[in-house]
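Take a moment to turn the model around on your screen before reading on. We will walk through it piece by piece, starting with strands and moving on to cores and helices.

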Amino acid sequence: MPPVAADSRLFDNACGDELRNDIADADVFQSLLERSGLHLASLDLQMRITQANDAFVDQFGRSRESVVGRNFCELLHPGVREPISRNFERLLDGRSQRFSEYFVGVGADQTAFTGDITGVAVRGAASGELTQFVVLLSPEKLNKANVVVADRKRVLSELNARILEGIATGESTVRLASRLFLSRQGVEYHVGAMLKKLKAPNRAALVSRAYSLGLLSVGSWPPRVPRDYVK
C-alpha cells in the first residue's frame with residue numbers, strides 16, 4: 001500500500017489550493033477529480049456522495065449510478081462506520097479540518113478491502129462556511145489469501161454478543177457468568193459455539209477473527225458488537 005502520507009501530499013499538490021477556494025463549477029471539480037489519479041469523492045454535509053472519480057467507483061466494484069447519491073457510510077463495513085462517522089462529525093462542527101483513519105470498504109460482491117481514508121473539510125473562500133467534504137482512499141493491495149467477506153448472515157444472539165464483548169475486554173468466565181446470570185458451564189457452552197462458528201482455536205483467535213469480520217467495532221472501547229450483527 002502506498003504510504004498514506006505520500007498519497008496525502010499528492011492529494012494536496014493535486015487539489016489543495018483549489019479546495020481552499022469556493023468550488024462553484026461542478027465540471028471544473030469533476031475534471032480535478034479525474035486528473036488527480038487518486039481515489040477521490042466529494043460528499044455533502046449529510047455524507048451523501050455527490051461526485052466520485054472512476055478510481056473511487058471502480059474500487060467498490062459498482063456502477064457510478066449506484067454510488068453517487070448514496071450515503072458514504074453504506075459503503076463501509078459496519079465495524080468501522082461509527083469511528084469514521086465521528087471523524088466527519090468533528091469536521092462538521094469545526095473541531096478539525098482534516099483526518100486520516102483506517103477503513104474497511106465493502107464491494108458489490110460483499111468482499112471487504114482495507115486501507116486508509118483521508119477526509120478534508122472544504123469551506124467557501126468568501127463565506128468561510130463549510131460547503132462539502134472531500135475524501136481520499138488509499139486502499140491496500142488485495143491479498144486473495146486473506147479476503148474477508150462481509151457476510152450479513154454472520155449474526156449473533158444478544159447473549160453471544162455480550163459474551164464476545166466481555167471476552168474482548170479480558171473478562172474471565174467467572175466474571176461473565178456473574179454479570180450475565182449464567183453458570184460457568186453456560187458461558188463455556190456459548191464460547192465453544194462461537195469458536196466453532198468463527199473457526200477460531202481459542203479465545204484470543206476468536207477476538208481477532210471477530211475484529212476481522214467486523215463483529216467488533218474498530219476504534220471503540222469497551223469493544224462493542226454493531227447492531228447489524230445482533231439478532
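Strand 1, residues 39-43, pairs with strand 5 in the antiparallel sense, and five bridges join them. At one of these positions, Leu43 stands opposite Phe133 of strand 5. Keep in mind as you look that this is a predicted model.

Strand 5 has another partner to find. Strand 4, which covers residues 111-123, also runs antiparallel to strand 5, this time over nine bridges. Here Gly115 has Pro139 in strand 5 as its bridge partner. If you follow the chain from strand 4 into strand 5, you trace a hairpin with six residues between the two strands. In that turn sits Gly128, whose phi is positive, at about 75 degrees.

Is strand 5 mostly covered or mostly open? Its residues, 130-139, are mostly covered: nine of the 10 are buried. For the protein as a whole, 48% of the 231 residues count as buried.

That brings us to the interior. In soluble globular proteins, nonpolar side chains tend to be buried together. The largest nonpolar core in this model has 28 residues, and the members that touch the most others are Ile49, Phe56, Phe72, Phe88 and Ile117. Many parts of the chain contribute to this core: strands 1, 2 (49-52), 3 (98-106), 4 and 5, together with helix 3 (54-59) and helix 5 (78-92), each supply at least two residues.

Phe88 is a good place to stop and look around. Which residues does Phe88 contact, once its neighbours within four places in sequence are left aside? They are Leu43, Met47, Phe72, Phe99, Phe133 and Val135. You have already met Leu43 and Phe133 as the residues that stand opposite each other. Apart from this core lies another one, of 24 residues, including Ala210, Leu213, Leu216 and Tyr229.

Now for the helices. The protein has nine helices alongside its six strands. Two packed helices are described by the angle between their axes and the distance between the axes. Start with helix 7 (residues 173-180) and helix 8 (residues 184-197), whose axes come within 8 Å and cross at roughly 105 degrees. An angle of 65 to 115 degrees counts as roughly perpendicular, so helix 7 and helix 8 are roughly perpendicular to each other. Helix 7 brings Thr173, Val174, Leu176 and Ala177 to the contact, while helix 8 brings Arg184, Val187 and Glu188. By type, these residues are four nonpolar, one polar and two charged.

Helix 8 also meets helix 6 (residues 158-168). Their axes come within 10 Å and cross at roughly 90 degrees, so helix 6 and helix 8 are roughly perpendicular to each other as well. Leu159, Asn160, Ile163, Leu164 and Ile167 of helix 6 make the contact with His190, Val191 and Met194 of helix 8. This contact holds six nonpolar residues, two polar ones and no charged ones.

Finally, consider how the fold brings distant parts of the sequence together. Among the contacts with a separation of 6 or more, 51% are between residues 24 or more positions apart. For another look at such a separation, find Asp228 in the segment after helix 9 (203-212). Asp228 is partly exposed, with a relative accessible area of 37%. How far apart are Asp228 and Pro78 in space? Although 150 residues separate them in sequence, their C-alpha atoms are 7.0 Å apart.

Notes. Residues numbered from 1 in each chain as written. Predicted model: local features only at pLDDT ≥ 70, side-chain atom pairs only at ≥ 80, totals over all residues. Heavy atoms only, no water. Buried < 20%, exposed > 50% of the residue type's maximum accessible area, 1.4 Å probe, protein only. Helix = DSSP H or I, 4+ residues; strand = E, 2+ residues; numbered from the N terminus. Pairing = 2+ DSSP bridges. Core = buried A, V, L, I, M, F, W, Y, C linked by side-chain atoms within 4.5 Å. Contact = heavy atoms within 4.5 Å. Axes fitted to C-alpha atoms, helices over the stretch in contact; angles between N-to-C directions. Parallel < 35°, antiparallel > 145°, perpendicular 65-115°, else oblique. Nonpolar A, V, L, I, M, F, W, Y, C, P; charged D, E, K, R; others polar.
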